[in-house]
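Student: I would like a close look at one part of this model and its surroundings. Please take it step by step.

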Amino acid sequence: QVQLVESGGGLVQPGGSLTLSCAASGNIFSIYTMGWYRQAPGKQRELVAEVRSGGTMYYPDSVKTRFAIFRNNTRNTVYLQMNSLKPEDTAVYYCKSSITTMNRIQNIYWGQGTQVTVSS
């Protein structure tokens, strides 16, 4: 069993900052990718940031200069530092990871989601 547990969401004013964290635990052999997606009401889920095991990172243009993803391989944890937040960043943020378990089976795992609301 593998679990991804997110934390750090909440209400923040426009222009503010927030840091999300996601910790993977369980029967883990190795982790390839760790990333964040978000889904706003009535919209499709979209990739926000991703970091691979070798350190390669990806951001869409909408967040590239404002968000930063960090990964702690020792703790199997990924962080999303969000700065200069805008109302359009309001969404449920989900952690996603590609994990190989001890029986050498690789699967995609999702966290339960954490709400981020940007509003004055």
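Student: Leaving aside its neighbours within four places in sequence, which residues is Gln 39 in contact with?

Tutor: The model is a predicted one. Apart from neighbours within four places in sequence, Gln 39 is in contact with Gln 44, Arg 45, Ala 91, Val 92 and Tyr 94. Gln 39 itself belongs to strand β4, which runs over residues 28-39. One of the contacts is polar: the side chains of Gln 39 and Arg 45 meet at 3.4 Å. Gln 39 is classed as partly exposed because its relative accessible area, 28%, falls between the 20% and 50% limits. Its C-alpha atom is 16 Å from that of Leu 11, and the two residues are 28 apart along the chain.

The strand that holds Gln 39 also takes part in the lining of a cavity. A search of the whole structure gives 1 cavity of 30 Å³ or more, and the volume of the largest cavity is about 30 Å³. Its lining consists of Thr 33, Met 34, Gly 35, Tyr 37, Glu 50, Lys 96 and Ser 97. With 4 residues, β4 contributes the most to this lining. Strands β4 and β9 (91-101) are the elements that each provide at least two lining residues. By class, the lining has 2 nonpolar, 3 polar and 2 charged residues.

β4 is also one of the elements that give two or more residues to the largest nonpolar core. That core has 29 residues, and those with the most contacts inside it are Trp 36, Leu 80, Met 82 and Tyr 93. The other elements giving two or more residues are β1 (2-7), β3 (18-26), β5 (46-52), β7 (67-72), β8 (77-82), β9 and β11 (114-118). As a general background, nonpolar side chains in soluble globular proteins tend to be buried together.

Two residues named above lead on to others. Trp 36 is among the residues in contact with Ser 21, together with Val 5, Glu 6, Ser 7, Val 78 and Tyr 79, when neighbours within four places in sequence are left aside. Ser 21 sits in strand β3. Ser 21 counts as buried because its relative accessible area of 18% is under 20%. Its side chain makes a polar contact of 2.7 Å with the side chain of Ser 7.

Met 34, from the cavity lining, is touched by Arg 71 and by Thr 77. Arg 71 is placed in strand β7. Beyond four places in sequence, its contacts are Ile 31, Tyr 32, Thr 33, Met 34, Val 51, Arg 52, Ser 53, Thr 77 and Val 78. A polar atom of the Arg 71 side chain lies 2.7 Å from the backbone oxygen of Tyr 32. The side chain of Arg 71 also makes a polar contact of 2.6 Å with the side chain of Asn 73. Arg 71 and Gly 55 are 16 residues apart along the chain, with a C-alpha separation of 8.4 Å.

Thr 77 is part of strand β8 and is buried, at a relative accessible area of 7%. Its side chain comes to 2.9 Å from the backbone oxygen of Arg 75. Not counting residues up to four places away in sequence, Thr 77 touches Cys 22, Ala 23, Met 34, Phe 70, Arg 71 and Asn 72. In the loop between β7 and β8 is Asn 76, which has a positive phi of about 50° although it is not a glycine. Asn 76 is partly exposed, with a relative accessible area of 22%.

A positive phi also occurs at Ser 84, near 50° and again in a residue other than glycine. Ser 84 is in the loop between β8 and β9, and with a relative accessible area of 41% it is partly exposed.

The last residue to place is Val 63, in the loop between β6 (57-58) and β7. Val 63 is buried, at a relative accessible area of 1%. Leaving aside neighbours within four places in sequence, its contacts are Arg 38 and Val 48. From Val 63 to Leu 85 the C-alpha distance is 9.4 Å, with their positions 22 residues apart in sequence.

Definitions and conventions
Residues numbered from 1 in each chain as written. Predicted model: local features only at pLDDT ≥ 70, side-chain atom pairs only at ≥ 80, totals over all residues. Heavy atoms only, no water. 1 Å grid on protein atoms, 1.4 Å probe; cavity = no way out; pocket = protein on both sides within 12 Å on 5 of 7 lines; lining within 4 Å. Points joined across faces, edges and corners; volume = space filled by probe spheres on them. Nonpolar A, V, L, I, M, F, W, Y, C, P; charged D, E, K, R; others polar. Core = buried A, V, L, I, M, F, W, Y, C linked by side-chain atoms within 4.5 Å. Buried < 20%, exposed > 50% of the residue type's maximum accessible area, 1.4 Å probe, protein only. Polar contact = N/O pair within 3.5 Å; in protein donor to acceptor, adjacent residues only side chain to side chain. Contact = heavy atoms within 4.5 Å.
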